[in-house]
Amino acid sequence: MLDQVLFALANGLAAGMAVFLVAAGVTLIFGLLRILNFAQGSFFMLGAYVAFSIMGPSASSIWVFLLAALVSGVVVAALGLVTDIVVFRRLRDYDEAYTLIATFALMMLLDGLVKMIWGLNYHSISPPPSLAGVLMVGPVIVPIFSLFIIGLGIVVFIILEFAIHRLWIGKIVQALAHDQWMSGFVGINVPVMLTLTVVAAFFLAGAAGGLLLPNQSLSPTLSHAFLLQAFIAVIIGGLGNIRGAFLAALVLGLVESLNAVVLPDQPGVAMYVVMVAFMLWRPAGLLSAGSGDHASPHHATGSAPVDWARYRTVLTWIGVLGAAGIAAMPLWANPGMVFLAGMALIAALFALSWNLLFGTTGLATFGHAAFFAIGCYASGLMLKATGGQWFLAVLVVAALIGGCVAAIVGAVAVRRTTGIALAILTLALSEIMRLLISSSAALGRDDGVSGIPRPNLDLGFITVGLQSTQNYFWFLFVVCGAMALGLWWLSAGPLGRMLRAVKQDPERTMFLGINVGRYRLTAFAISGAVATLAGALQAPWVQIVTPEAGNYLVSMQPMLSSLLGGAAFFWGPVVGTVLFFILAEATRALAGLSEIVTGGVLLLLVMLAPDGVLGIIGRFRSRKQEATSEPKIGFVAKEVRP
């Protein structure tokens with residue numbers, strides 16, 4: 001047992017240093033730009049693929065290996081320069097939630113490009129001969145490559161520590177991080193220094209991808225392997241703090257390695273538990289004196305408001321005709337299209353539940369998939385236990401479970417954290433739940449729960465069988481439509497007005513004697529209950545549920561739909577869901593194309609029209625009204641005096 005613990009410690013140090021090499025770039029970018037770059041993992045993966053293209057499955061010597069890593073760093077740094085000019089400069093004055101979603105869109109775009117260029121195959125890469133083999137340190141066998149990674153991480157930390165805290169360029173970087181306006185006033189070229197720092201951060205990501213290449217299997221999923229761990233290290237250490245990221249990466253590496261020895265049946269859970277504990281204890285991070293609220297005073301809203309009441313009749317007819325067309329789909333569409341339409345109905349309800357928090361209340365969560373997964377599993381297990389009976393009761397119970405869980409989570413998360421900290425905390429809680437489900441024999445582990453029966457709908461005076469796709473689709477249409485109208489009624493009523501006041505100016509709202517925390521918690525509970533209901537509806541529709549229902553990528557789906565359609569508008573998530581499904585269906589033939597198109601469209605919308613498609617329509621209508629209201633040049637009647 002002692003040998004296992006010692007080996008785990010050595011392995012944990014190497015894993016921690018690997019995480020730090022990725023987290024260092026995230027920390028540098030956030031320290032200056034206040035942008036938490038979701039795409040850093042994709043740039044790391046891109047560096048790994050560039051190095052693989054140079055040296056192949058095995059480097060002939062350590063010099064070829066180092067040269068490949070250096071070239072990878074330079075290539076990714078050049079792409080970082082383009083990214084800074086095209087993307088980051090537009091995001092510097094945006095609300096933090098929009099920057100997170102924009103960098104996630106950039107991650108999708110890069111992942112799609114990697115799939116199209118290098119394919120979907122897995123590659124195993126061997127270290128150079130001088131770094132292969134092992135060393136005996138007492139009773140412990142330590143791979144030489146692990147010692148190389150440990151030494152490399154220490155060297156990078158020392159260089160960054162010395163450069164930031166001892167060299168003149170580090171003093172300038174610290175001044176920029178503290179006050180960019182004053183730095184420019186005393187003669188510092190702020191844009192150039194910001195760009196140089198971003199390029200350095202991307203160089204670190206690309207070089208780390210090349211240097212860590214023999215440490216893992218190379219595939220298009222590599223970006224996600226280090227992304228969450230790097231984010232956790234940055235959050236725990238303190239956003240923008242190199243020392244904190246270094247310490248946190250070591251802690252995470254050791255915790256994860258010891259987790260494999262002490263709790264082999266729950267791999268990865270300990271790391272997220274440690275993260276949650278640290279965030280609740282010190283939301284701002286270990287080495288930060290802040291409060292943890294890094295919210296930006298700027299907001300990404302650029303569309304002019306539209307008086308939609310003027311078009312109420314037209315919009316009502318559009319809604320009625322659209323609903324009639326959707327309801328009639330089982331009569332004219334093929335079964336595959338009907339199935340996708342049913343998934344779109346569920347996804348639209350899921351997106352509306354998320355946007356009740358983001359678009360109405362101003363809270364961005366990255367763990368909404370947890371409630372969706374709770375609904376899937378609760379509905380699936382209860383339907384299997386009852387043989388498909390009492391479906392309405394199953395839906396109500398599932399929604400109540402989701403609402404209670406959301407109230408418990410919100411009572412802790414919403415009151416202790418805001419902004420980025422809340423987004424990452426909810427993501428960690430969602431990942432903990434997913435990992436626990438994956439290791440639970442009662443829930444089918446990674447295989448999940450299959451054979452979920454389509455239910456019977458007992459209305460008391462009649463029982464309707466929902467086994468056919470046609471009947472269940474109509475049931476989905478009625479329930480999702482009724483829930484959407486119910487959310488619209490809440491949003492348009494006193495509760496919605498109060499939530500919008502909380503989003504617009506929480507300090508002034510609190511000054512007026514309104515309990516801001518209570519209204520945020522109420523919105524969180526309602527949102528969780530509706531998301532759980534969406535999951536409960538999906539389980540019998542697809543007749544299988546797996547732990548991937550709680551994956552953090554599922555949490556991104558309602559974000560994409562809301563931003564695509566327009567988060568500032570109640571029906572924006574519905575419009576976005578329709579467009580999202582059309583894009584996904586039109587581009588699914590070629591691997592990577594769907595991610596490129598979806599990520600590219602979302603990135604353009606966030607940068608150019610953050611209020612989405614409906615916001616673009618609103619801006620167009622406003623400009624048209626302004627053009628028609630301008631006085632025309634022509635003959636002017638003369639005044640006739642008596």
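Start with how the chain contacts itself: among contacts between residues at least 6 apart in sequence, 79% join residues at least 24 apart. Keep in mind that what you're looking at is a predicted model. The chain is made up of 25 helices and six strands, and 52% of its 642 residues count as buried.

Let's begin with a pair of helices. Helix 14 covers residues 335-361 and helix 21 covers residues 516-542; their axes sit 9 Å apart and make an angle of about 170°. Anything over 145 degrees counts as roughly antiparallel, and helix 14 and helix 21 are therefore roughly antiparallel to each other. If you want to trace the contact by eye, the helix 14 side includes Val338, Phe339, Met343, Ile346, Phe350, Trp354 and Leu357, while the helix 21 side includes Arg520, Phe524, Ile526, Val530, Leu537 and Trp541. What kind of residues make up this contact? They divide into 18 nonpolar, five polar and one charged.

Now for the rings. The structure holds 19 aromatic pairs, and a couple are worth pulling up on screen. Take phenylalanine 20 and phenylalanine 157: their ring centres are 6.1 Å apart and their planes meet at 75°, so this pair is edge-to-face. Phenylalanine 20 belongs to helix 1 (residues 2-33) and phenylalanine 157 to helix 5 (residues 144-165), so the pair ties together parts that are 137 residues apart in sequence. Both partners are tucked away: phenylalanine 20 is buried at 0% relative accessibility, and phenylalanine 157 is buried at 16%.

For a stacked example, go back to helix 14. The rings of tryptophan 354 and phenylalanine 358 have centres 4.9 Å apart and planes at 25°, so they count as stacked. These two are four residues apart in helix 14, which means they are separated by about one helical turn. Tryptophan 354 and phenylalanine 358 are buried. Tryptophan 354 is also one of the helix 14 residues that take part in the contact with helix 21.

There's a cluster to look for as well: ring pairs link Phe339, Phe391, Tyr472, Phe475 and Trp541. Phe339 and Trp541 should look familiar, since they are among the residues of the contact between helix 14 and helix 21.

Back in helix 5, look at glutamate 161. Is this residue buried or exposed? At 16% relative accessibility, glutamate 161 counts as buried. Leaving out residues up to four places away in sequence, glutamate 161 touches Arg166 and Arg243.

Threonine 83 is another residue to visit, this time in helix 3 (residues 62-91). With 8% relative accessibility, threonine 83 counts as buried. Which residues does threonine 83 touch, not counting those up to four places away in sequence? The answer is Phe43, Phe88, Leu106 and Phe202.

A couple of C-alpha distances help to connect sequence with space. Valine 173, in helix 6 (residues 168-178), is buried at 18% relative accessibility. Valine 173 and methionine 193 are 20 residues apart in sequence, and their C-alpha atoms are 7.5 Å apart. Then there's glutamate 585, in helix 23 (residues 572-586), which is partly exposed at 35% relative accessibility. Glutamate 585 and methionine 337 are 248 residues apart in sequence, with 10.0 Å between their C-alpha atoms.

Next, some backbone geometry. Most residues other than glycine have a negative phi. Tryptophan 390 has a positive phi, near 55°, without being a glycine. You'll find tryptophan 390 in the loop between helix 15 (369-386) and helix 16 (391-416), where it counts as exposed at 60% relative accessibility. Arginine 445 also has a positive phi, about 50°, and is not a glycine. Arginine 445 sits in the loop between helix 17 (419-438) and strand 3 (449-450) and is partly exposed, at 41% relative accessibility.

Finally, the cysteines. How many disulfides does a search of the whole structure find? Zero. As for the surroundings of two cysteines, cysteine 404 is partly exposed with a relative accessible area of 49%, whereas cysteine 480 is buried at 6%.

Note on methods. Residues are numbered from 1 along each chain as its sequence is written. This is a predicted model: local features need pLDDT of at least 70, side-chain atom pairs count only at pLDDT 80 or more; totals for chains, interfaces and linings use all residues. Side-chain values use heavy atoms; hydrogens and water are left out. Axes are lines fitted to C-alpha atoms, for helices over the stretch in contact, and angles run from 0 to 180 degrees between N-to-C directions. Angles under 35 degrees count as roughly parallel, over 145 as roughly antiparallel, 65 to 115 as roughly perpendicular and the rest as oblique. Contact means heavy atoms within 4.5 Å. Ala, Val, Leu, Ile, Met, Phe, Trp, Tyr, Cys and Pro count as nonpolar, Asp, Glu, Lys and Arg as charged, and the others, Gly among them, as polar. A disulfide is a pair of cysteine sulfur atoms within 2.5 Å. Buried means under 20% relative accessible area, exposed over 50%, partly exposed in between (1.4 Å probe, protein chains only). Rings of Phe, Tyr and Trp (its six-membered ring) pair if their centres lie within 6.5 Å; planes under 30 degrees apart count as stacked, over 60 as edge-to-face and the rest as tilted.
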